[in-house]
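Dear colleague,

I am handing over the structure below, and my notes on what was found in it follow. Please read them with the coordinates open beside you.

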Amino acid sequence: MKDVEKTNIERGNSGKRMRRRRRNMNIYIAVVLAIALVAFMTMSYTFLFNIQNMVVIVLSGEDSDSKEESDRKGNEVAEASGIKIGDNLLRINTEKSAESILEKVLFVEKAEVNRSFPSTLEIKVDYCVPSFNVEYNGGVLVVSKLGKILERNNFITDGLPTISGIKPVTVEEGQQLYAEEEHKNTALTELMASVSGDSGISGINISDEFSIVINYSNGTIFKMGNWNDAEYKLTLADTVMRDGSINGKKGYLTMVGSNQCTFRTSNDPAGLAGSEQQFPTDSEGNTIVPEIKEEVNPEQEAIFSEFNSRANENNTIESGDNTYDYTGNEYNYDYDYSDDGFNWANDGW
């Protein structure tokens, strides 16, 4: 029997064939991956990431609500979002959903809608807290800290500062408070953001936004000038009123310049001794002191005088040179005491 001999034949195109096979294999892998990706995307947009849980997270504003009230509000927020159980997480528009909540739910101040894969929708909200009365020609609005109109009344809500001196563009509940005089909106926004819940402020008059008048529930009247640095000015006024040297007195606080404050029982113009160098000068070197608008109110000053005459009996200032230094926990002030009043000059700001 003849042995079979095997011979390997080398073909010149074998290299090309191998490259063609590798190329075809790459195409095959790419097609398989594309089909897998399409299948995954199809499942993702149909049933893979469908919503099974909706969670409403309240970040602030519901401390006094009962469990039933909290549940009712949460359900209202979820319904207003326009999203339902079973909707696909990838198909929803979170920004439009948040806008819908703000438009439809009166008591929501801020809203944020987030996906939490694989099957949960989170809605984070800040509930409105009634923060201000706003007087207008036809009544009184109750607005939130950020200016959302919550109520329209014909009476003042006790415990809330009352803003006067503006004409609202709209008085519809759920809308944002804007003044017809556009130039007043910045002042309005700055003041509302700067007033804290325990400020003791009872009234804010911005009839002239460059000469804003703040009334405190303790009887003090603060003429803060314009709205610039509103938070700083209100902090300064609060610190002055808490100082023991005033000892419960009532009177006028007036900003002089950008960082100084004077307290007097009379509304007569007052300057600050030794502070002239802080004001600009004209070409001849004369000091230019900012104009302070004064509205003399003899009735008010008589009330201050009567109250302060009783307060003087408990005055705790004991010194012969009438010059005192006061250092608070955060702020330092120097001031002079005289029969006319107290003058504060800021040391460090």
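In this protein, 51% of the contacts with a separation of 6 or more are made by residues 24 or more positions apart. Please keep in mind throughout that the model is a predicted one. Its secondary structure comes to six helices and 15 strands, and 37% of the 349 residues count as buried. The accessible surface of the protein comes to about 21,200 Å², and carbon and sulfur atoms account for 48% of that area.

The helix I looked at in detail is α2, which runs over residues 67-80. With 14 residues, α2 reaches 20 Å from its first C-alpha to its last, which is close to the 20 Å expected at 1.5 Å a residue. Its buried residues are S70, K73, G74, V77, A78 and A80. Viewed down the axis of α2, these buried residues fall within an arc of 165°, and they therefore line one face of the helix. The general background is that an α-helix has 3.6 residues a turn, so residues three or four places apart point the same way. On the face of α2 turned away from the buried side one finds the exposed residues E68, N75 and E79. The cover over the buried residues of α2 includes the strands β1 (53-60), β2 (108-116) and β3 (120-127), together with the helix α3 (94-104). Just after α2, G82 takes a positive phi of about 80°.

K73, one of the buried residues of α2, also leads to the aromatic side chains, as it lies over the face of F107 at 5.1 Å from the ring centre.

The count of aromatic pairs comes to three. In one of them, F107 and Y127 are arranged edge-to-face, with 5.1 Å from centre to centre and 90° between the planes. This pair links distant parts of the chain, since F107 sits in the loop between α3 and β2 while Y127 belongs to strand β3, 20 residues apart. Both F107 and Y127 are buried.

Another pair is formed by F210 and W227, whose ring centres are 5.5 Å apart and whose planes stand at 45°, so this pair is tilted. Here too the pair links distant parts of the chain: F210 lies in the loop between β8 (201-205) and β9 (212-216), and W227 in the loop between β10 (221-225) and α5 (230-242), 17 residues apart. As for burial, F210 counts as exposed because its relative accessibility is 53%, whereas W227, at 16% relative accessibility, counts as buried.

Two points of the backbone deserve a look, given that most residues other than glycine have a negative phi and most peptide bonds are trans. A cis peptide bond joins F117 and P118, with omega at about 15°, and P118 lies in the loop between β2 and β3, two of the strands that help to cover the buried residues of α2. The other is D229, a residue other than glycine whose phi is positive, near 55°. D229 lies in the loop between β10 and α5, the loop that also holds W227, and it counts as exposed because its relative accessibility is 52%.

With best regards

Conventions:
Residues are numbered from 1 along each chain as its sequence is written. This is a predicted model: local features need pLDDT of at least 70, side-chain atom pairs count only at pLDDT 80 or more; totals for chains, interfaces and linings use all residues. Side-chain values use heavy atoms; hydrogens and water are left out. Helices (H or I, at least four residues) and strands (E, at least two) are DSSP runs, numbered from the N terminus. The expected span of a helix is 1.5 Å times one less than its number of residues. Buried means under 20% relative accessible area, exposed over 50%, partly exposed in between (1.4 Å probe, protein chains only). The arc is that of the directions from the helix axis to the C-beta atoms. Contact means heavy atoms within 4.5 Å. Rings of Phe, Tyr and Trp (its six-membered ring) pair if their centres lie within 6.5 Å; planes under 30 degrees apart count as stacked, over 60 as edge-to-face and the rest as tilted. A charge sits over a ring if NZ of Lys or CZ of Arg is within 6 Å of the ring centre and within 35 degrees of the ring normal. Accessible areas come from the Shrake-Rupley method with a 1.4 Å probe; for residues, only the protein chains shown count as cover.
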